[in-house]
Each structure stands twice: as structure tokens, then as C-alpha cells.
Amino acid sequence: MKTIIEPFKIKSVEPIRFTTKDERIKILQDAGFNPFLIHADDVLIDLLTDSGTSAMSSDQWAGVMRGDESYAGAKSFYVFEKAVKKITGDKFIIPTHQGRAAEKILFSILGGPGKYFPNNTHFDTTRANVEFSGAEAVDILNEVGKHPEQNAPFKGNMDVEALESFIKKVGKENIPFVMLTITNNSGGGQPVSMQNIKDVSSVCKKYKLPLFFDACRFAENAYFIKLREKGYANKSVLEICQEIFSYADGSTMSAKKDALVNIGGWLSMNDEELAMKCRNLLIVTEGFPTYGGLAGRDLEAIAQGLEEVVDEHYLQYRIRSTEYLGEKLMNNGIPIIEPPGGHAIYIDAKRFVPHLKPEEYPGQSIVCEMYIEGGIRACEIGSIMFGKYDNDGKLIPAMMELVRMAIPRRVYTQSHIDYVAEVVIEVFNRREKLKGYKITYEAPLLRHFTAQFAPL
Ligand code: F0G
């Protein structure tokens, strides 16, 4: 088989800035050892997130020029609505400025004290929006998904039996809906199988509970189904997406991922009464229902992005290029979540630096070293992001200590990725010398964004 190449040529380039190691040590110190606080200009390869960092196509930029900026009833809204309906099949499509805006609206209306939201694994903003409403976010991931070293095709699956027991335990009247995150970002970018989606959907039907998707990476999830699940090899990705959404009652979406744009999102559903309530809140917080916090040009770019993201040459390149980085690291003995996920490679920090305890934040240590070594920015997904404190102020660690290297869509070439692998291997070779960190400042919610650290 020949090399799988980038299915595009480059029309416009953006220079990246080189720095020296000494400069980077100073930059990191000034940022309180938190890469979120580094100026992007000081980063050579930015793997902080795949969100809003996609390169848009010439057709998407053409859409930007076509954008109709009318306050109400803009032509671009109907283009957007049609594109989202083609994939989700949902009746009511509500634009939002990004995923968490959709979450905020949905959980403000349906959440509240005494309510529970089961999910395979909540992403941090989803959890924060559930908790902000006073409700409880409950992760019900299947067992294999909790073990970074175990290889399985659908590690994002929900534990269906545990879901049913949970519904019986807390009472279906206290569960406004069940959610599945496809792919499971916090659990390693791992996909959910069609079988699992069907099984979760039948449990929901049995207890008359709606099922919503957190659909950010639906196309990547669909492509994994095509590659790995029996009966889907000859279906088009679009057909697979349509089948996925046919099992749900609605979705929240961050278009900054699988709609290949820099901003945008939606909330979709079939329940008319709920849609009315959501639109009323949308008007207060986001804008009129035909633009919802976006410009007409953004809606056009999303519509075009949704056409491009289900292109199978694109998805083949996308999934293979993530796997390519994963393979290079694994071949050098670096522990990662296996198999490689769709949008990111997740280093298993517990095995990378086994001498560091969770309260020394092993993931943060690796993240800082990657920046110092090669100007690469990655993100800790471990006890900084998900850790809590008990009543005595002692850290309750996260289930896993991970470092995420998220790959922006259509942005970096194979040689950029080769360079990333070289840097990580270099850090791995001196892993025994890596030191832990302590937190010197933290915010009460989503602390990882603004926390400050000091090396131990
Ligand atoms: N759900 C999932 C699964 C996500 O990954 C994200 C964002 C959101 C919801 C929220 O969407 O950012 O548009 O408000 N994830 C980004 C990331 C930030 O880096 O993984 P948003």
C-alpha cells in the first residue's frame, strides 16, 4: 500500500516562530508553568487542542464571503440548518457560538439540584455545566475504557448494565436525559460502537429517557465504526452518521471540531416544547434563533465543513495521521492509550513517570518538558483537570493521568508530526529526571485553564 497523503494542497501558509531552549524556560516560568498561559506566538507546534484550530478549505472561505449577515432569517441560517439536518435528521436546529453554549442552555433548562446526567465520560465543560446547574454528572464508562494499556476497538462505550442499575437506583424521574460523548474525548478520543449506541438507546426507550449525543467528533467516530465494526465496511460515512443520529433525540455540538471551523456549535432536538424553551433562553444569552451568537459567514463555513468532514479521503488521512504519531511513540516504548484515538494521542503519564505521585501532577511535568525540549504545547488531562479535594483538602486524584497531544485538522504535515515524535522520545529518554509540580493558584471551576504552578 502506498503512503496515505494529505488530501489537499496548501494555498496559504502561516509562519511558525522558532525560539531557543533558554527562551522557552523563561517563557514557561513567566506563564506559571501553565501552557494555557503561554502566548501562542511562543509555541512552535500547538497540540493544545483540535478545537477551533482547523484549517478551512477554499470552499469554506468562499462561504465566508457568501455569508448573509441579516439579523433575522438570514439565508446562511437555512444553508446551515439544511446541512445539520442532513446529518442529524433532527427537527429543531439551534445555532450556538460553541459547544458549551449549547450545553449551558440545555442543562439550565433540564438540570438543577437532585438531577443526574449519565454519560460515558463527561468532557470538562459538560461536567461543569451540569454541576453549575446544581445537578450531578455521572460517568458510566465500560471497564476496558478505564485501562490505558488495554487495546480494544470501542473503548468509548458506555457500560449498559451499569447504566440500567443506575437508572433503577436514582429513579428515572431524576434523570432528564442520558448522554453519549462521541468520540470519548476525556477517555482518550476513543469511539463508541453502533451496537453500544443501539443498546444505550434501547435502555433509554425502556425507561422513556431521551438520549442526547455530545457530537463534537461524530465523523471520526463514524469512520472508526466503518473500519472496525462488522457490517459497516461498505456503508458510506454519511450513512453511518445518519444511522448514529437516528438513535438519539438530540445533540449538542462544538462545530470547532468535526465541522472544520474556528467557531460555532449547535443544539438539536426533536422535542418541540423543549426547542421553544431553548430558543427563548438562546435569545437572552446568544442571540436571535437564526444566528445564535454566530455571524452568517460562520454558519456558511459550518455548512461547507459538514460536507467535507464526511469525505472518506479526508477521514482516512485524519485517522491515519493520528495513528502514525501513536505508532512512532509506541515503537519507542512510550506508554500511550491504545489504540490511538481519533483526534489525539494520549500519553499515559502514570507509566511514563512512575516515580511521580498524582499529587505531584505527573502529566504537568511531561507537558512542561515537551515545551522546553521542543516548543510543543500539549495539555494535561489528569488530576489537574479532574482532581477534587476531600473535606481535609487532600487531593482525590483523577482516574487517569494523561497528556493529550491533540492534532488540529488539516494543519500540520507529516514532517511536523515526525518532529513531535522526536521531541517526545527525547523527553522519554530522560524521564527519570523529571520533577513534579505543585499548584500555587487555582480557580474554583475549570482550574486547569488559569492555575499557576511551581516545580517541586
Ligand atoms: N464536548 C466535548 C467532547 C469537547 O471535546 C468539547 C470541547 C466540548 C464539548 C465543548 O465545546 O469548546 O466548543 O465549547 N473540547 C475542546 C478540547 C475544548 O480541547 O477538547 P466548546
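1. In this predicted model, F77 has a relative accessibility of 4% and therefore counts as buried, given that the limit for this class is under 20%. Y78, which has a relative accessible area of 45%, is partly exposed.

2. A total of 17 aromatic pairs is counted in the structure. For F77 and Y78, the ring centres lie 5.1 Å apart and the planes meet at 80°, so this pair is edge-to-face, the angle being judged against a bound of over 60 degrees for that class. The two residues also belong to one aromatic cluster, which is formed by F77, Y78, F80 and W266. Elsewhere, a ring is paired with a charged side chain: R431 lies over the face of F428, at a distance of 3.9 Å from the ring centre.

3. The chain is divided into domain 1, covering 21–50 + 312–455, and domain 2, covering 58–309. Their C-alpha centres are 26 Å apart, and the contact between them involves 32 residues of domain 1 and 39 residues of domain 2.

4. The largest nonpolar core comprises 63 residues, and those with the most contacts inside it are V178, V200, F213, F218, I244, I302 and L306. Because domain 1 (21–50 + 312–455) and domain 2 (58–309) both give residues to this core, it lies between them. In soluble globular proteins, nonpolar side chains tend to be buried together. A second core, separate from the one just described, has 32 residues, and I334, A378, M405 and I425 are included in it.

5. V178 deserves a separate look in the viewer. When its neighbours within four places in sequence are left aside, V178 is in contact with P118, M158, L163, V200, C204, L209, P210, L211 and F212. One of these partners, V200, is itself listed with V178 among the residues that have the most contacts inside the largest nonpolar core.

6. Around the ligand there are 18 residues, of which T49, D214, S254, K257 and R404 come nearest. For S254, an N or O atom in the side chain is 2.6 Å from an oxygen atom of the ligand. The side chain of Q98 likewise has an N or O atom at 2.9 Å from a ligand oxygen atom, and for the side chain of R217 the corresponding distance between an N or O atom and an oxygen atom of the ligand is 2.9 Å.

How values were computed: Residues are numbered from 1 along each chain as its sequence is written. This is a predicted model: local features need pLDDT of at least 70, side-chain atom pairs count only at pLDDT 80 or more; totals for chains, interfaces and linings use all residues. Side-chain values use heavy atoms; hydrogens and water are left out. Rings of Phe, Tyr and Trp (its six-membered ring) pair if their centres lie within 6.5 Å; planes under 30 degrees apart count as stacked, over 60 as edge-to-face and the rest as tilted. Buried means under 20% relative accessible area, exposed over 50%, partly exposed in between (1.4 Å probe, protein chains only). A charge sits over a ring if NZ of Lys or CZ of Arg is within 6 Å of the ring centre and within 35 degrees of the ring normal. A nonpolar core is a set of buried Ala, Val, Leu, Ile, Met, Phe, Trp, Tyr and Cys residues joined through side-chain atoms within 4.5 Å. Domain bounds come from an automatic or database domain assignment. Contact means heavy atoms within 4.5 Å. A residue is near a molecule or strand if one of its heavy atoms lies within 4 Å of it. A polar contact is a pair of N or O atoms within 3.5 Å; within protein, one must be able to donate a hydrogen and the other to accept it, and residues adjacent in sequence count only if both atoms are side-chain atoms.
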